[in-house]
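User: Could you take a close look at one part of this model for me and tell me how it packs against its surroundings? I work at the bench, so please explain the terms as you go.

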Amino acid sequence: MIYSKGSIKNIADSVGIPKLKDGITTAMAQDVEYRLHEIISEAAKFMKHSKRTKLTVADINSALRVRNVEPIYGFETGRPVKFHKASTALEDIYYVEDAQIDLDTLLEEPLPSIPLEVVYTAHWLAIEGVQPRIQQNPLPVDEEELVSKKPVKSQRQEGVETIPLVKHVLSRELQLYFECITESLQSPDPIVKSTALESISIDAGIHQLVTYFVQYIAVTVKNNLHNLEVLKTAMAVARAIRRNPNLFIEPYMHQLIPSLLTCLVSKRLCETYSEDHWSLRDGAAQQIAEICQQFGQSYHTLQARIARTLLRAFLDPTKPLTTHYGAIVGLTKLGVSVIRVLVLPNIKSYMTLLDSEMEKDSEQLRDDARHCQGALLECMRVLARDNSGLAPANLTSVEKSKLVQAVGETLANLVFKDRQGREIVAAVLAVGRECKDSQQQSG
């Protein structure tokens with residue numbers, strides 16, 4: 001027996017259990033021996049898997065962890081443990097001699113360097129099952145081999161072909177699907193085009209194509225700025241991928257928003273001014289507002305940055321009226337708070353510019369100015385609907401003079417002719433009183 005009964009009795013005495021019976025000590029010694037064999041056998045497996053022939057303390061600790069036993073502390077060392085023998089009257093005792101430490105020498109040693117502070121950074125490990133090619137992520141093994149080699153050029157009849165280093169991650173079926181969809185989107189048949197858009201909006205197996213559709217939208221908008229029908233198709237694709245409940249498009253918003261802003265505030269979006277590019281701008285503004293509402297809680301600065309961009313376009317007198325129209329519609333769609341803070345205080349100064357454009361001989365400029373007036377009027381209708389609890393104002397000369405001071409004479413005349421004129425006057429004047437009260441309190 002490896003573990004003697006005397007050792008069991010000594011341990012029992014040390015923990016306050018004296019006079020242990022021989023039968024109990026024998027049974028416990030056998031059980032301890034069985035447990036030791038079990039731990040050593042498990043540790044030997046770790047030693048063999050580590051391709052070593054010498055059992056270490058680390059192997060014992062690994063075996064203890066596998067058995068849900070707390071590992072040994074204080075015995076793991078890079079040097080072999082040397083045991084010393086001490087003979088007594090009853091039995092031999094083996095011990096490890098502790099090294100003597102000189103406290104003076106220990107105190108004179110230099111202090112260790114201060115460790116660096118812990119810093120955390122976040123990056124995408126994978127998006128829809130595809131690993132982004134960024135510095136923090138390692139390259140796949142097959143791509144590391146390709147990168148280490150120079151591009152191989154092969155001669156063909158058409159010329160020199162360079163083998164690409166990037167591996168295609170799309171299956172053949174998805175590539176065919178994407179080609180079929182893009183061809184259908186360019187079809188003159190509206191039924192074929194609507195079928196393709198419906199497939200994008202409901203298909204559950206195209207998550208790997210999201211980045212390709214976003215790239216398709218960006219390239220289409222960039223290369224077809226004067227082709228109204230193509231731009232409307234691109235905006236329809238953007239709407240379809242956003243409304244597909246099976247797609248996760250949040251990581252691609254920073255690529256999609258520039259295309260939407262281009263269709264909103266670009267100078268010219270059609271070949272002839274008679275084409276209805278205003279509806280394209282309205283649709284782009286609606287999509288931007290939906291994106292801000294959907295992802296505003298995750299990205300708190302998203303709406304503020306978009307509103308700042310649109311306000312800059314709205315107040316820039318060098319921009320064309322078409323850009324002003326898109327900025328007004330976009331700010332209106334962002335909500336009543338944006339109208340109160342950014343649009344309403346700047347209407348009167350903007351109407352000075354608009355009145356000067358209305359006096360020019362160009363019929364096109366006058367038409368653009370009328371659309372801008374309509375956009376401002378709709379902006380104030382939205383404000384009135386939000387303040388529906390206010391009592392409608394009386395359309396008197398006194399109220400009109402107050403409205404002229406707030407929005408200018410031209411727009412005030414349009415408000416008085418509007419069906420919701422009384423509600424608009426009440427809402428605009430109420431906002432003006434709130435601004436004055438807040439300024440007096442802050443002053």
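Analyst: Happy to; I will begin with the ground rules and the whole chain, then follow one helix and its two partners, and end with a second region and one further residue.

This is a predicted model, so local features need pLDDT of at least 70 and side-chain atom pairs count only at pLDDT 80 or more, while totals for chains, interfaces and linings use all residues. Residues are numbered from 1 along each chain as its sequence is written, and side-chain values use heavy atoms, with hydrogens and water left out.

First, the setting. The chain holds 19 helices and four strands; helices (H or I, at least four residues) and strands (E, at least two) are DSSP runs, numbered from the N terminus. Of its 443 residues, 34% are buried, meaning under 20% relative accessible area, whereas exposed means over 50% and partly exposed lies in between (1.4 Å probe, protein chains only). The accessible surface comes to about 29,100 Å², and carbon and sulfur atoms account for 55% of that; these areas come from the Shrake-Rupley method with a 1.4 Å probe, and for residues only the protein chains shown count as cover. Among contacts (heavy atoms within 4.5 Å) that join residues at least 6 apart in sequence, 59% link residues at least 24 apart.

Now to the part I chose, helix α9 (residues 228-243). Two packed helices are described by the angle between their axes and the distance between the axes. Here the axes are lines fitted to C-alpha atoms, for helices over the stretch in contact, and angles run from 0 to 180 degrees between N-to-C directions.

One partner of α9 is helix α8 (residues 210-223), with an angle of about 160° between the two and 9 Å between their axes. The pair is therefore roughly antiparallel. For reference, angles under 35 degrees count as roughly parallel, over 145 as roughly antiparallel, 65 to 115 as roughly perpendicular and the rest as oblique. The crossing of α8 and α9 is left-handed, a term for the case where the near helix is turned anticlockwise from the far one by less than a right angle (clockwise would be right-handed). On the α8 side, the contact uses Phe 213, Val 214, Tyr 216, Ile 217, Thr 220 and Val 221. On the α9 side, Val 230, Leu 231, Ala 234, Met 235, Val 237, Ala 238 and Ile 241 take part. Sorted by class, this contact has twelve nonpolar residues, one polar and no charged. Ala, Val, Leu, Ile, Met, Phe, Trp, Tyr, Cys and Pro count as nonpolar, Asp, Glu, Lys and Arg as charged, and the others, Gly among them, as polar.

Another partner is helix α11 (residues 278-295), whose axis comes within 10 Å of that of α9 and crosses it at roughly 20°. These helices are therefore roughly parallel, and their crossing is left-handed. From α9, the contact draws on Leu 228, Leu 231, Lys 232, Met 235, Ala 238, Arg 239, Arg 242 and Arg 243. α11 brings Ser 279, Leu 280, Gly 283, Ala 284, Gln 287, Glu 290, Ile 291 and Gln 294. The class count for this contact is seven nonpolar, four polar and five charged residues.

Next, helix α3 (residues 57-66), where Asp 59, Ile 60, Asn 61, Ala 63 and Leu 64 are buried. Their cover includes α2 (22-49). Asp 59 has a relative accessible area of 3%, so it counts as buried. Leaving out residues up to four places away in sequence, Asp 59 touches Ala 43, Phe 46, Met 47, Arg 52 and Lys 54.

The loops beside α3 are worth a look too. Lys 51 sits in the loop between α2 and α3 and has a positive phi near 60°, though it is not a glycine. Its relative accessibility is 77%, so Lys 51 is exposed. Just after α3 comes Asn 68, with a positive phi of about 60°. Asn 68 belongs to the loop between α3 and β1 (83-87), and at 74% relative accessibility it counts as exposed.

Finally, Leu 311 lies in helix α12 (residues 302-315) and, at 18% relative accessibility, is buried. Setting aside neighbours within four places in sequence, Leu 311 contacts Leu 331, Leu 342 and Asn 346.
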